[in-house]
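User: Hey, I've got this structure open and could use a hand reading it. Can we start with how the chains meet?

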Amino acid sequence: MPNDIKPVKVSDIMKDVASSFDSSIASNWYSNIVGFLSGNKSFYVLLGLSGLLVFAAAMTALNAINIGYRHAYGVSREVPWGILISTYIFFVVTSTGLCIISSIGHVFGVKDFLPIAKRSVFLSVVTIFAGFTVIFFDIENPLRMALYNVISPNLTSNIWWMGTLYGAYMVFMAVEFIFLLIEKHKIAMYAGLAGLISGIAAHSNLGAIFGMLHGREFWYGPFMPIYFIASAMMSGCAAIIFFTWLGYRVNNERMDKPMERAMEVVGKLCTVMIAVLMFFTVWKLIIGSVAPAKYEVIKSMLHGHFAVNFWVFEVLMGMAAPFVLFLLSRWRNLNMMFVASSLMVVGIFFMRFDLVIAGEAVPSYYELGVKEYSHLLSYSPSFSEIMIVSAGMGIVAMSFLLGEKVFKGHKTEIH
Amino acid sequence: MKFKKMDIGNLKEDGRKTVSLMERREFLKIGLMITGVFAGGTVLSLASNMNKVFASSEEFRKKYPYKPHYSMVILEGRCIDCERCMEACAKTNDVPDYGYRTTILEKDVPDAIGRKREFIPVLCNQCNNPPCVRACPTKATYKDKQNGIVMMHYEKCIGCKTCVLACPYNARYFNEEKHAIDKCNFCFDTRLSKGEKLTACAAACPAGVRIFGDLSDSGSEVYNLIHQLEKPVWVNRPEVGAKPNVFYMKS
């Protein structure tokens with residue numbers, strides 16, 4: 001942080017903003033859009049496909065609203081949260097992670113992390129937006145939420161804090177991105193700091209939604225908020241490597257030295273975070289095995305209903321294989337690191353699914369020993385739910401592709 | 001096995017004199033509680049009943065926090081699963097067929113002597129420390145300050161379903177017609193506020209399973225059922241700490 005921080009006047013900021021939009025920048029952006037038109041064929045195919053996916057999903061979502069979520073979704077009274085909630089968590093975990101990891105560079109001034117900043121901030125806005133889109137179709141009355149969140153807030157509710165803080169977070173990150181674009185780094189830094197604080201607060205509240213449900217033994221306890229922040233950092237690293245590699249592919253460019261260095265440090269951080277998550281997972285299993293209600297879920301993960309999800313996706317694809325690949329790549333083999341990060345993105349998606357669904361699997365009256373609730377509950381996503389999840393993916397893919405062309409590979413000049 | 005003979009007269013001083021009278025009493029109480037639990041299955045002593053009723057045992061030990069403090073005692077052994085309570089509830093409160101405010105659970109105990117099956121009616125426990133109320137983001141569900149019933153402002157419900165998961169008793173469901181979460185409110189809007197003394201389910205039960213009344217009134221039946229030592233009284237899932245106001249007895 002520079003030492004000569006002067007008080008910032010609003011009028012000065014506005015002047016700066018106005019002067020930034022002079023003719024050269026405008027023409028520059030114009031040329032970017034023209035540049036976007038000159039993309040190659042596969043670029044347009046991908047863009048078209050993701051657009052089509054979003055469109056088809058929008059139709060399914062409208063149908064779901066029309067016939068009622070009870071008929072359209074696979075959720076029930078006993079398992080009211082399904083894949084839409086877990087996908088929402090997947091997106092906001094990624095967004096928060098992108099924000100945390102990129103802030104190491106442009107908020108805390110670690111030079112090695114600077115080259116990834118712009119793309120990360122852009123993608124953190126995109127992923128949180130995708131998350132909000134998905135949860136919009138899970139909440140029954142989203143418009144009431146906008147009203148009563150303001151006029152009837154419940155300050156003891158984690159959902160209230162999570163929604164409010166993530167709302168603020170999205171604004172801060174968008175502001176940060178705009179100021180990064182026009183190269184106003186000091187204001188961008190403050191917006192980034194505000195985004196980081198609100199993002200971490202929001203994300204730990206998301207963990208606490210689960211951690212504070214004291215009737216749900218699998219989730220209950222202080223573990224959740226901590227686990228959420230740690231897995232956000234892991235997901236953020238994976239997303240940065242994944243999208244940066246793809247970005248350079250889309251633009252058909254070679255990484256320069258600072259970017260390669262950035263990928264190396266993010267890769268190393270990613271490896272550390274995988275180790276942290278492995279540590280958490282091992283202790284979750286061991287501690288869960290002595291608590292009766294948790295043990296039922298743990299058993300279903302180890303050798304039951306969730307075993308494939310757990311061993312193949314969560315453990316192998318989400319942690320073990322990428323960990324080995326990162327070590328083998330020595331954080332220099334970018335292609336290997338890309339494969340590792342792609343595996344992680346898929347694995348983490350299932351991690352979130354298991355977290356939400358497995359926590360609901362034990363019925364409230366399980367220990368009463370009644371006929372109705374003598375087995376673990378199950379849930380499988382419906383077609384509508386899968387389509388809405390795809391819409392979230394489509395939004396991210398489309399925005400990413402457009403962003404690469406319009407913002408010309410999110411290049412950062414390092415001063 | 002042989003033991004050395006003890007010389008009781010010459011035992012070493014074990015510091016008994018430093019143990020205060022209070023500590024001895026506390027110790028005895030713990031002993032009584034433990035034996036009570038083993039003897040009765042769940043609860044025998046009044047002291048532990050009281051701890052289960054109140055949100056904060058110190059604050060509310062002497063008086064009940066609401067007036068009237070509505071409560072239900074379910075005499076489980078009398079239930080024959082005729083489901084008239086469920087019918088009456090659905091009719092009175094417009095409960096759709098895909099949901100319920102109260103239901104009857106069935107428990108089979110094949111190796112029991114005599115009766116091998118029991119029925120357990122369940123409904124919202126109108127907890128003194130309701131997890132659903134804490135979790136709701138918009139105060140759409142709240143605990144009535146007067147009578148302690150956990151109620152709904154339907155128009156404020158955003159349908160996030162967090163309360164459904166927060167509830168340890170599976171007492172909530174999403175009602176499409178109301179476009180909000182619906183739950184048992186002891187028939188407050190449909191009966192109690194109109195001068196009726198009983199909930200629809202309690203009134204409809206032919207076997208007198210559901211005893212409904214005001215726990216703060218020492219003359220009421222619920223008060224007398226709970227404030228006795230002879231027969232065990234328990235609540236569902238006490239470990240959650242929600243402090244329910246629906247109690248269970250065998251008969």
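User: So how many residue pairs are in polar contact between chain A and chain B?
Analyst: There are 36 such residue pairs between chain A and chain B, counting pairs with both residues at pLDDT 80 or more. Keep in mind that this is a predicted model.

User: Which helices of chain A supply residues to that side?
Analyst: α4 (69-72), α7 (142-151) and α8 (158-181) of chain A each give at least two residues to the side that touches chain B. The largest share comes from α7(A), with 4 residues.

User: And what classes of residue are on that side of chain A?
Analyst: You'll find 16 nonpolar, 13 polar and 10 charged residues there.

User: How many salt bridges are there between chain A and chain B?
Analyst: The count is 5. One of them joins B:E106 to A:K371, with the closest N and O atoms 3.0 Å apart.

User: What area gets buried between chain A and chain B?
Analyst: About 3900 Å², and carbon and sulfur atoms give 51% of that. On chain A's part, A:R77, A:H214 and A:Y365 supply 20% of the area it buries against chain B, more than any other three residues.

User: OK, new topic. Which residues of helix α4 in chain B are buried?
Analyst: In α4(B), residues 84-93, they're B:C85, B:A88, B:C89 and B:N93. They sit on the same side of α4(B) because they cover an arc of only 100° around the axis.

User: What do those buried residues pack against?
Analyst: They pack against β2 (103-108), α7 (200-204) and β8 (210-214) of chain B.

User: And on the other side of α4(B), which residues are exposed?
Analyst: B:E87 and B:K91 are exposed there. Just after the helix, B:D94 takes a positive phi of about 55°.

Notes. Residues numbered from 1 in each chain as written. Chains lettered and ligands numbered in written order. Predicted model: local features only at pLDDT ≥ 70, side-chain atom pairs only at ≥ 80, totals over all residues. Heavy atoms only, no water. Buried < 20%, exposed > 50% of the residue type's maximum accessible area, 1.4 Å probe, protein only. Arc of directions from axis to C-beta. Contact = heavy atoms within 4.5 Å. Buried area = accessible area lost by both parts, 1.4 Å probe. Salt bridge = Lys/Arg side-chain N within 4 Å of Asp/Glu carboxyl O. Polar contact = N/O pair within 3.5 Å; in protein donor to acceptor, adjacent residues only side chain to side chain. Nonpolar A, V, L, I, M, F, W, Y, C, P; charged D, E, K, R; others polar.
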